[in-house]
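I set out to record what I looked up in this model, entry by entry.

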Amino acid sequence: MPLPQLLALNAVVLVALILVLWAVNLKTRDPSFIDAWWGAGMGLAAAVSYLAVGNHGARQAVLTAICVAWGLRLGIYLFRRWRAHGPDRRYVRMMADAQTRRGWSYGFASLILVFALQAPLQILVCLPVQLGQYGPTTLGPVAMAGAVLAVFGLVFESVGDWQLSRFKADPTNAGKVLDTGLWRYTRHPNYFGDACVWWGLGLIGTEAGGPGLIALAGPVLITFLLTRVSGVPTSEAGIAKRRPDYAAYLARTSGFIPLPPKQI
């Protein structure tokens, strides 16, 4: 299948499923579950790309397998978190603001502010896995390095999420800040791990040659989103008010790349 047709196929699949999820959201009145679809949708796009192109070499298999594993792990983790903890306060504030200040209906607000951008962003971030289905079937040195980086990122974010889940499960930690394990060295091991996964997939994708170099647009975009838009900024907003120790943690701990804590 030619690349333009593959991109169009994935766009149709992702947009159709986003509309289905939006319709479900109209019943639940809570769009928080969309976070689980972020990774799961890109894992699906990877699987569709692998099957549609049919260039089933080792490089394509590794590229697809890592993306599917990342998407499934992240999707299941975030879905379980939503089921356990209920609506995400970010979405609650977003919907309330759109309805009270802008006068939007819930359906329109959730479509425009939450669901509409999902598929386009997934297509762009997932460029490495789509473009990487073409070209050589063997793993060259760059692809091997990318695979190592991606697996490292997957393990890193998985451990970080596991440590956070254990911390939150202990009622004696209510109102406290997790500053041990990976969280001692970075305030966001999950986001850093995500970035490593996609830079690794980007490196694998570049070995497709030619258009494969465009694959790096995916990790560039997700790194920007994680550090400047929907990752670090939104997750840290308001935490200092809820957790008195967070200001000190903020001052001594790296915001993204793991580094030794500063001596305050």
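Which residues does Met-42 touch, not counting residues up to four places away in sequence? I noted first that the model is predicted. In it, Met-42 touches Cys-67, Trp-70, Gln-122, Val-125, Cys-126 and Trp-198.

**Entry 1: Met-42 and its surroundings.** I located Met-42 in helix 2. I assigned Met-42 to the buried class because its relative accessibility is 0%. I then looked up a C-alpha pair: Met-42 and Val-68 are 26 residues apart along the chain, and their C-alpha atoms are separated by 7.6 Å.

**Entry 2: Trp-70 and the core.** Trp-70, already listed as a partner of Met-42, has further contacts. With residues up to four places away in sequence not counted, I found Trp-70 touching Trp-38, Gly-39, Met-42, Leu-154, Glu-157, Asp-194, Val-197 and Trp-198. I next looked up the largest nonpolar core, which has 59 residues. Those with the most contacts inside this core are Ile-34, Trp-70, Val-129, Trp-198 and Leu-201.

**Entry 3: the cysteines beside Met-42.** Cys-67 and Cys-126 both appear among the contacts of Met-42, and I checked whether they are bonded. The disulfide count is zero. Cys-67 is in no disulfide, and the nearest cysteine sulfur, in Cys-126, lies 4.5 Å away. Why does Cys-126 not form a bond with Cys-67? The closest cysteine sulfur to that of Cys-126 is in Cys-67, and I rejected a bond because 4.5 Å is too far; the cut-off is 2.5 Å. I recorded Cys-67 as buried, because its relative accessibility is 0%. Cys-126 also counts as buried, with a relative accessibility of 0%.

**Entry 4: helix 1 and what follows.** Helix 1 comprises residues 3-28, a run of 26 residues. From its first C-alpha to its last, helix 1 reaches 37 Å, which I found close to the 38 Å expected at 1.5 Å a residue. Its buried residues are Leu-6, Asn-10, Leu-14, Ile-18, Leu-21 and Asn-25. The cover over these buried residues includes helix 2 (34-53), helix 5 (106-115), helix 6 (118-125) and helix 7 (127-131). Arg-29 follows helix 1 and sits in the loop between helix 1 and helix 2. Its phi is near 60 degrees, a positive value in a residue other than glycine. I flagged this value because most residues other than glycine have a negative phi.

**Entry 5: helix 3.** I compared the span of helix 3 (residues 58-85) with expectation. Helix 3 has 28 residues and reaches 40 Å between its first and last C-alpha atoms, close to the expected 40 Å. Just after helix 3, Gly-86 takes a positive phi of about 80 degrees.

**Entry 6: helix 6.** I listed Gln-118, Ala-119, Gln-122, Ile-123 and Val-125 as the buried residues of helix 6. Of the elements that cover these residues, I noted helix 1, helix 2, helix 5, helix 7, helix 9 (189-206) and helix 10 as being included.

**Entry 7: Gln-163.** Is Gln-163 buried or exposed? Gln-163 counts as buried because its relative accessibility is 19%, and the limit for that class is under 20%. Gln-163 lies in helix 8 (residues 141-169). I traced its side chain to the backbone nitrogen of Leu-182, at 3.0 Å. Leaving aside neighbours within four places in sequence, I found Gln-163 in contact with Leu-178, Thr-180, Gly-181, Leu-182 and Trp-183.

**Entry 8: Thr-227.** I found Thr-227 in helix 10 (residues 217-229). Thr-227 counts as buried because its relative accessibility is 19%. A polar atom of its side chain lies 2.7 Å from the backbone oxygen of Thr-223. Beyond neighbours within four places in sequence, Thr-227 is in contact with Val-232, Pro-233 and Phe-256.

**Entry 9: the record.** I consulted the UniProt annotation, from an unreviewed entry, for "transmembrane region". The annotation covers residues 6-24, 36-55, 61-82, 103-125 and 137-156. I examined two of these segments in the model. Residues 103-125 are 78% helix and 0% strand, with end C-alpha atoms 32 Å apart. Residues 137-156 are 80% helix and 0% strand, with end C-alpha atoms 28 Å apart.

Methods. Residues are numbered from 1 along each chain as its sequence is written. This is a predicted model: local features need pLDDT of at least 70, side-chain atom pairs count only at pLDDT 80 or more; totals for chains, interfaces and linings use all residues. Side-chain values use heavy atoms; hydrogens and water are left out. Helices (H or I, at least four residues) and strands (E, at least two) are DSSP runs, numbered from the N terminus. Buried means under 20% relative accessible area, exposed over 50%, partly exposed in between (1.4 Å probe, protein chains only). A polar contact is a pair of N or O atoms within 3.5 Å; within protein, one must be able to donate a hydrogen and the other to accept it, and residues adjacent in sequence count only if both atoms are side-chain atoms. Contact means heavy atoms within 4.5 Å. A nonpolar core is a set of buried Ala, Val, Leu, Ile, Met, Phe, Trp, Tyr and Cys residues joined through side-chain atoms within 4.5 Å. UniProt positions are given in the numbering used here, feature names are shortened, and annotations may be inferred rather than shown by experiment. The expected span of a helix is 1.5 Å times one less than its number of residues.
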